[in-house]
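Student: I have a model open and want to test the labels put on it. Take me through them one by one.

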Amino acid sequence: YIATHLPSGSRVGIDPTLVSVATATDLQTRMGERGVELVALSDNLVDACWNERPVRPTDLVFVHDAKYAGESHADKIRRVRDKAAAAGAQGIVVSALDEVAWLLNLRGSDISFNPVFFAYVVVTNERVSLYIDEQKLDSQVRSHLQGIDILPYSAIFEEMRALAAATTGAPAKLLAGPSVSWALAQALGDKIDVTTPSPLPMLKALKNAAELDGMRNCHVRDGAAMAEFFGWLENELLFNNGHLRLTESDVADKLETLRRAQPLCVGLSFDTISSVGANGAIIHYKPTRGHDALLDINQMFLLDSGGQYRDGTTDVTRTVHFGTPSAWQRECFTRVLKGHIALDRAVFPAGTSGYVLDPLARMPLWEVGLDFRHGTGHGVGSFLCVHEGPQGVSMRKSVLDSGFQHGMTITNEPGYYEDGAFGIRIENTCLVVKTDTPYDYTGGTGYLTFEPVTMVPIQKKLVQAGMLSAEERLWLDRYHAKVWESVSPLLEKDSLGYNWLKRETSPL
């Protein structure tokens with residue numbers, strides 16, 4: 001818009017700390033073609049007149065226990081140094097907050113729903129430097145960080161200019177990747193490599209055995225909270241006058257309470273999407289108390305939610321109907337389920353991208369001219385951000401360069417949305433795992449499949465069983481048997497949640 005509406009010779013100011021070098025470079029190119037200059041401002045003009053700006057958080061950072069991390073931060077640093085050397089660099093600048101937290105086995109609470117904290121890390125062959133507000137570090141964390149230089153958060157740009165001046169010889173580059181801020185890239189000048197991808201996203205994406213076990217375990221406890229929730233909600237709506245009384249916010253708050261009561265739960269992993277009827281067709285809907293809808297047993301209810309646990313992060317969506325769904329709603333739901341099952345059952349060579357697999361989840365919808373307008377899957381962090389790359393299942397070509405490897409996580413979440421009427425989404429979090437095949441055409445790299453770790457029933461009332469093949473029916477029954485076996489021991493026998501789970505996991 002700016003490039004096409006401003007006259008040639010115009011200058012556009014931008015805060016270089018708030019835009020990536022990749023975005024800045026793209027803007028410079030497109031504006032430059034029209035004679036418009038992009039200018040990095042030393043002072044943010046909005047900040048200058050923001051008199052009631054909230055102070056930066058000063059909550060303490062805490063150590064992420066090695067039994068959950070599965071690897072010491074010292075070993076991670078050694079791996080990062082090896083990756084930098086292999087790329088011909090002297091070190092790495094780490095600016096993404098989840099990468100900082102992962103590398104140092106630390107967690108925080110500076111960003112809602114994400115256990116991260118404001119900091120930078122610079123790893124060179126000689127030293128590791130952490131730039132952070134020292135108020136956030138207690139004695140335990142300082143002991144954990146022995147051997148790492150701790151510097152003020154505000155010193156990063158001055159330090160990078162000094163580091164750039166002192167970085168000589170060959171190789172004389174620091175890796176940063178295209179997501180580093182334009183301000184950091186300017187500070188390091190020609191001593192920074194922003195074209196070679198940083199190894200941190202892939203290292204973080206490949207979960208070790210402890211992290212994989214943590215993801216399995218936290219999803220079982222999360223499944224117990226979900227069973228308690230749906231047992232309570234069904235009882236309230238059908239037998240306790242909750243119909244047209246409970247709001248979307250009411251039930252979201254109830255789920256949060258039940259989730260936080262689970263062992264090792266720290267909080268939510270994102271704002272709960274609690275949506276009734278037409279609101280379910282708004283893909284990233286968020287209820288606002290006082291303006292939210294009432295739960296209605298005659299309408300679909302879409303619930304997308306997740307929790308942060310010390311041993312993992314959860315993300316699950318279920319669509320249910322507490323009354324009598326229409327034949328059209330059941331057909332749409334069943335087509336979404338068929339796509340979900342097709343993707344879950346996929347077996348594919350290691351290194352296959354999610355771009356190749358994405359059509360599997362859409363084919364049952366495409367067959368009748370339907371579709372959904374969002375990606376089919378994203379990675380999930382290990383007690384980190386609920387959205388994690390670089391892997392994904394999507395029609396976007398950006399996932400082509402990040403083929404699946406054993407140890408990754410991915411969501412499987414096809415849907416269908418009818419504006420003004422209802423929305424459907426079925427989402428499981430899955431692990432990417434090795435699988436045996438009778439033959440191996442790959443020459444040794446092997447084959448992979450998905451292991452669903454979400455332990456929440458898929459409502460059978462919405463399934464048109466006649467549309468499912470024998471293999472799909474078997475998949476659903478086996479999945480429900482696994483959910484019952486895993487979750488029922490955590491529930492009080494004959495409680496609302498226990499009885500709901502027992503009924504909902506019975507064979508189709």
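Tutor: Start with Phe229. Residues up to four places away in sequence aside, Phe229 touches Val251, Lys254, Leu255, Leu258 and Leu303. The model is predicted: local features need pLDDT of at least 70, side-chain atom pairs count only at pLDDT 80 or more, and totals for chains, interfaces and linings use all residues. Residues are numbered from 1 along each chain as its sequence is written, and side-chain values use heavy atoms, without hydrogens and water.

Student: What makes Leu303 a contact of Phe229?

Tutor: A contact means heavy atoms within 4.5 Å. Phe229 and Leu303 are listed as touching, so they have heavy atoms within that limit.

Student: Which residues touch the most other members of the largest nonpolar core?

Tutor: Phe229, Leu233 and Phe301, in a core of 54 residues. Helix α11 (209–239) gives the most, nine residues. A nonpolar core is a set of buried Ala, Val, Leu, Ile, Met, Phe, Trp, Tyr and Cys residues joined through side-chain atoms within 4.5 Å. Helices are DSSP runs of H or I, at least four residues; strands are runs of E, at least two; both are numbered from the N terminus. Another core, of 30 residues, lies apart and includes Ile77 and Leu200.

Student: Why is Cys218 called buried or exposed?

Tutor: Buried means under 20% relative accessible area, exposed over 50%, partly exposed in between (1.4 Å probe, protein chains only). Cys218 has 0%, so it is buried. Cys430 has 1%, so Cys430 is buried too. Ser402, in the loop between β19 (388–393) and β20 (409–412), has 8% and therefore counts as buried.

Student: How do you know whether Cys218 is in a bond with Cys265?

Tutor: A disulfide is a pair of cysteine sulfur atoms within 2.5 Å. Cys265 holds the sulfur closest to that of Cys218, at 9.5 Å, so the pair is too far apart for a bond. For Cys430, the nearest cysteine sulfur is that of Cys218, 13 Å away. The whole structure has zero disulfides.

Student: Why are β12 and β16 at the edges?

Tutor: The open sheet runs β12-β13-β16, with antiparallel pairing. Each of β12 (273–276) and β16 (316–321) has a single partner strand, so one side of each lacks a neighbour in the sheet.

Student: What makes β13 and β16 a pair?

Tutor: Two strands pair if DSSP finds at least two bridges between them. β13 (300–305) and β16 have six, in the antiparallel sense, so the criterion is met. Phe301 stands opposite Val320 in β16.
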